[in-house]
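This briefing is meant to be read beside the sequence and the 3D view. Please keep both at hand while going through the points below.

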Amino acid sequence: MSLIIDPGLFATHFNKRHFEIQHRLAAHPLFEIPRLLQLAREMAADRPGDIYYDAGVTNIGSRWGTSPAEFPVDQTIERLETAGAWIDLKAAERSAPYAQVLNNCISDLLQVSGRELERKMRRKEMAIFLTSPNRLSTYHMDSECNFLLQLRGEKNISIFPKDDREVLPEEEIERFWAADTNAAIYKPHLQHRASVIRLKPGTGVHIPVNAPHWVQNDNNISVTVAILYHSWHQEYLDLYAANYCLRKMRVSPKPPFQSRWRDSIKRPIGAAALRLLTLRRGGHLRDVAGNAAGVHDVSPP
Ligand SMILES: [Fe+2]
């Protein structure tokens with residue numbers, strides 16, 4: 001068993017509130033730095049679009065994709081101690097040995113959740129994050145359900161409640177689903193609303209969809225693995241796209257999921273708007289310049 005998840009916590013918290021978990025991957029040879037360097041080189045040669053990395057970011061609220069690293073990814077990993085870098089190896093499971101680890105983790109998750117969760121999983125994915133000492137990972141939220149596992153080094157993650165509308169106003173959710181993965185805006189005066197979780201090798205945390213978070217690494221190299229799954233959220237996309245467009249027309253829309261009839265009117269409008277917005281972005285569902293989760297953006301099903 002790779003993941004150790006408390007069934008009681010899972011039952012009460014899953015995809016609503018964060019909760020801490022444990023895992024047994026900390027000493028796994030696939031996640032040693034030399035092996036990850038090999039993986040990064042393979043990815044850079046075969047699928048460079050699956051690598052995101054930057055350097056020198058010191059502002060929690062920075063947008064992704066605005067601070068490119070100076071060196072190729074393999075050299076950045078070799079200089080990780082001093083590079084001030086954050087590296088995201090996306091979809092690591094496209095390399096067969098990593099797929100096996102992902103499958104084991106998903107199997108452990110389904111043992112706790114029950115098999116019905118599998119029907120909601122549209123795509124399962126593993127992202128691997130390598131972080132330089134003292135580097136932060138900027139504030140953002142994700143569209144994927146995340147089980148974040150710490151393998152090497154220690155760091156703090158601040159996770160905010162997904163339903164706090166001062167931390168995360170409706171406008172930011174609308175923009176996130178309709179237009180921009182960078183839509184969540186950090187509000188320093190609300191930092192106290194976050195739970196700060198200490199991550200060290202063998203520990204992890206579940207991050208619900210749309211729960212904003214940011215990470216501060218200690219003075220150590222960090223290796224972290226995200227076990228993610230994308231779910232079927234077409235209804236979210238349609239309704240938030242409708243509200244996004246209404247707000248653009250200076251209408252103040254009611255949040256979705258409060259009235260069935262209102263949502264039934266909005267949904268086709270949102271679906272049409274989404275098709276138009278996607279076409280304008282050359283087929284991308286949202287602005288993917290710095291996909292916050294570190295995973296691929298996905299088109300509506
Ligand atoms: Fe994230």
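The points below cover the domains, the sheets and the helix packing.

The model is a predicted one, and the protein in it is divided into domain 1, residues 3-231, and domain 2, residues 234-280. Two open sheets are described here, one with eight strands and one with four, followed by the contacts that helix α8 makes with helix α7 and with helix α9.

**Domains**

- The C-alpha centres of domain 1 and domain 2 are 29 Å apart, and the contact between the two domains brings eight residues of domain 1 together with ten residues of domain 2.
- On the side of domain 1 that touches domain 2, four residues are nonpolar and four are charged, while no polar residue is counted there.

**The eight-stranded sheet**

- Eight strands build an open sheet with antiparallel pairing, and reading across the sheet gives the order β1-β2-β10-β7-β12-β5-β4-β3.
- The edges of this sheet are formed by β1 (residues 3-4) and β3 (residues 51-55), each of which pairs on one side only.
- Within the sheet, strand β7 (residues 145-152) and strand β12 (residues 222-231) run antiparallel and are joined by seven bridges; R152 stands opposite V223 of β12.
- Helix α5, spanning residues 96-113, lies across β1, β5 (residues 121-131), β7 and β12, and runs at about 120° to β5.

**The four-stranded sheet**

- The other open sheet has four strands in the order β6-β11-β8-β9, and here too the pairing is antiparallel.
- Because β6 (residues 136-140) and β9 (residues 195-199) stand at the edges with a single partner strand each, one side of each is left without a neighbour in the sheet.
- From one strand to the next, the twist of this sheet averages 15°.
- Strand β6 is joined by three bridges to strand β11 (residues 213-217), with the two strands running antiparallel, and the bridge partner of S137 in β11 is V215.

**Helix α8 and its two helix contacts**

- Helix α7 (residues 170-178) packs against helix α8 (residues 234-248) at an angle of about 115°, with the axes 8 Å apart, and α7 passes α8 in a left-handed crossing.
- In this contact, E171, I173, E174, R175, W177 and A178 of α7 meet Y236, L237, Y240, A241, N243, Y244 and R247 of α8; by class, the contact of α7 with α8 holds eight nonpolar residues, one polar residue and four charged residues.
- The axes of α8 and helix α9 (residues 260-280) come within 7 Å and cross at roughly 80°, and these two helices are therefore roughly perpendicular to each other.
- From α8, the contact with α9 is made by L237, D238, L239, A241, A242 and C245, and from α9 by D263, K266, R267, I269, G270, A271, A273, L274 and L277.
- The residues of the contact of α8 with α9 divide by class into ten nonpolar, one polar and four charged.
- Among the residues of α8, L237 and A241 are listed in the contact with α7 and also in the contact with α9.

Key: Residues numbered from 1 in each chain as written. Predicted model: local features only at pLDDT ≥ 70, side-chain atom pairs only at ≥ 80, totals over all residues. Axes fitted to C-alpha atoms, helices over the stretch in contact; angles between N-to-C directions. Left-handed = near helix turned anticlockwise from the far one by under 90°. Contact = placed C-beta atoms within 7 Å. Nonpolar A, V, L, I, M, F, W, Y, C, P; charged D, E, K, R; others polar. Domains from an automatic or database assignment. Parallel < 35°, antiparallel > 145°, perpendicular 65-115°, else oblique. Pairing = 2+ DSSP bridges.
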